[in-house]
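Work through these exercises with the sequence and the 3D view side by side. Try each task before you read its solution.

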Amino acid sequence: MDFASTAVALSLALVLATFVVRHHARRLCGKEKRYHPVAGTVVHQLINFHRLHHYMTELSCKYKTYRMLDLSRSAVYTADPANVEYVLKTNFTNYGKGSYLYNILSDALGDGIFAVDGQKWRHQRKASSSEFSAKLSRIQKITYR
Ligand SMILES: *[C@@H]1O[C@H](CO)[C@@H](O)[C@H](O)[C@H]1NC(C)=O
């Protein structure tokens, strides 16, 4: 082996070692972003449109939490109770509906609880919760007379 090929081989080994060390260092430091597996695309959903609920249920059984891709972004679906609790309770403020959903939903729902985030959501929740409690107590009064 001449000097040039030894140098090339050493360089390649060094580059490879750098990638391997970086990869493991990111994993150990927890800095590597981990994404849920891609289960399919919007095209798969369209192909299975006639049996969409069954299709999505099958994917949920297979992956528990997975992504579906479309041209510009991905949507995460989960059937894992721990993830549902994390999103809806533990770190609820991190999972807002955002402007994309607001623009779609606000035409039909206005600034209702299913379309808004943050302070507006808190206000709507408080209003609906007191409305719900009032209705519930009326029902209980009727039931226990
Ligand atoms: C909630 O999310 C924030 C920001 O992403 C993170 O720093 C924090 O640790 C999370 N809280 C919990 C309880 O996981």
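## Exercise 1: The hairpin

L69 has its bridge partner in β3, and that partner is S74. The model is a predicted one.

**Task.** Describe how β2 and β3 are joined.

**Solution.**
- Step 1. Find the strand. β2 covers residues 65-69.
- Step 2. Count the bridges. Five of them join β2 to β3.
- Step 3. Read the direction. The two strands run antiparallel.
- Step 4. Look at the connection. β2 and β3 form a hairpin, with four residues between them.
- Step 5. Check another pair. Y66 stands opposite Y77 in β3.

## Exercise 2: The whole sheet

**Task.** Work out the strand order and the kind of pairing in the sheet.

**Solution.**
- Step 1. Recall the general rule. Strands of a sheet pair through backbone hydrogen bonds, either parallel or antiparallel.
- Step 2. Take the other pair of strands. Three bridges join β1 to β2, and these strands run parallel.
- Step 3. Pick out a partner. G40 has M68 as its bridge partner in β2.
- Step 4. Put the strands in order. The sheet is open, has three strands and follows the order β1-β2-β3. Its pairing is mixed.
- Step 5. Name the edges. They are β1 (38-41) and β3 (74-78), and each pairs on one side only.
- Step 6. Add the twist. On average, neighbouring strands of this sheet are turned by 25 degrees against each other, direction ignored.

## Exercise 3: The order of elements

**Task.** List the helices and strands of the protein from the N terminus on.

**Solution.**
- Step 1. Count them. The protein has six helices and three strands.
- Step 2. Write the order. It runs α-β-α-α-β-β-α-α-α.
- Step 3. Check the confidence. The mean pLDDT of the protein is 84, and 80% of the residues score at least 70.
- Step 4. Find the extremes. Among the elements, helix α1 (residues 3-29) has the lowest mean pLDDT, 62. Helix α3 has the highest, 96.

## Exercise 4: Buried or exposed?

**Task.** Decide whether L59 is buried or exposed.

**Solution.**
- Step 1. Locate the residue. L59 lies in helix α3.
- Step 2. Count its neighbours. L59 has 20 other C-beta atoms within 10 Å.
- Step 3. Apply the cut-off. A residue with 20 or more is buried, so L59 is buried.
- Step 4. See what L59 touches. Leaving out residues up to four places away in sequence, the contacts are A39, G40 and Y66.
- Step 5. Compare sequence and space. L59 and A39 are 20 residues apart in sequence, yet 6.9 Å apart in space, C-alpha to C-alpha.
- Step 6. Step back to the whole chain. Of the 145 residues of the protein, 3% count as buried.

## Exercise 5: An unusual phi

**Task.** Say what sets the phi of K64 apart.

**Solution.**
- Step 1. Start from the rule. Most residues other than glycine have a negative phi.
- Step 2. Read the angle. K64 has a positive phi of about 65 degrees, although it is not a glycine.
- Step 3. Place the residue. K64 sits in the loop between α3 (52-63) and β2.
- Step 4. Judge its surroundings. K64 has 16 other C-beta atoms within 10 Å, so K64 is partly exposed.
- Step 5. Look at a glycine. G110, just after α5, takes a positive phi of about 60 degrees.

## Exercise 6: Helices in the open

**Task.** Explain why α6 lies largely in the open.

**Solution.**
- Step 1. Describe the helix. α6 (residues 118-144) has 27 residues. From first C-alpha to last, α6 reaches 38 Å, close to the 39 Å expected at 1.5 Å a residue.
- Step 2. Count the buried residues. The number is zero of 27, so α6 lies largely in the open.
- Step 3. Test one residue. A127 lies in helix α6. A127 has 11 C-beta neighbours inside 10 Å, so A127 counts as exposed.
- Step 4. Give a distance. A127 and I113 are 14 residues apart in sequence and 9.6 Å apart in space, C-alpha to C-alpha.
- Step 5. Repeat for α5 (residues 98-109). The number buried is zero of its 12 residues, so α5 lies largely in the open.

Definitions and conventions:
Residues are numbered from 1 along each chain as its sequence is written. This is a predicted model: local features need pLDDT of at least 70, side-chain atom pairs count only at pLDDT 80 or more; totals for chains, interfaces and linings use all residues. Two strands pair if DSSP finds at least two bridges between them. Axes are lines fitted to C-alpha atoms, for helices over the stretch in contact, and angles run from 0 to 180 degrees between N-to-C directions. Two residues are in contact if their C-beta atoms, placed from the backbone, lie within 7 Å. The expected span of a helix is 1.5 Å times one less than its number of residues. pLDDT is the predictor's confidence in each residue, from 0 to 100.
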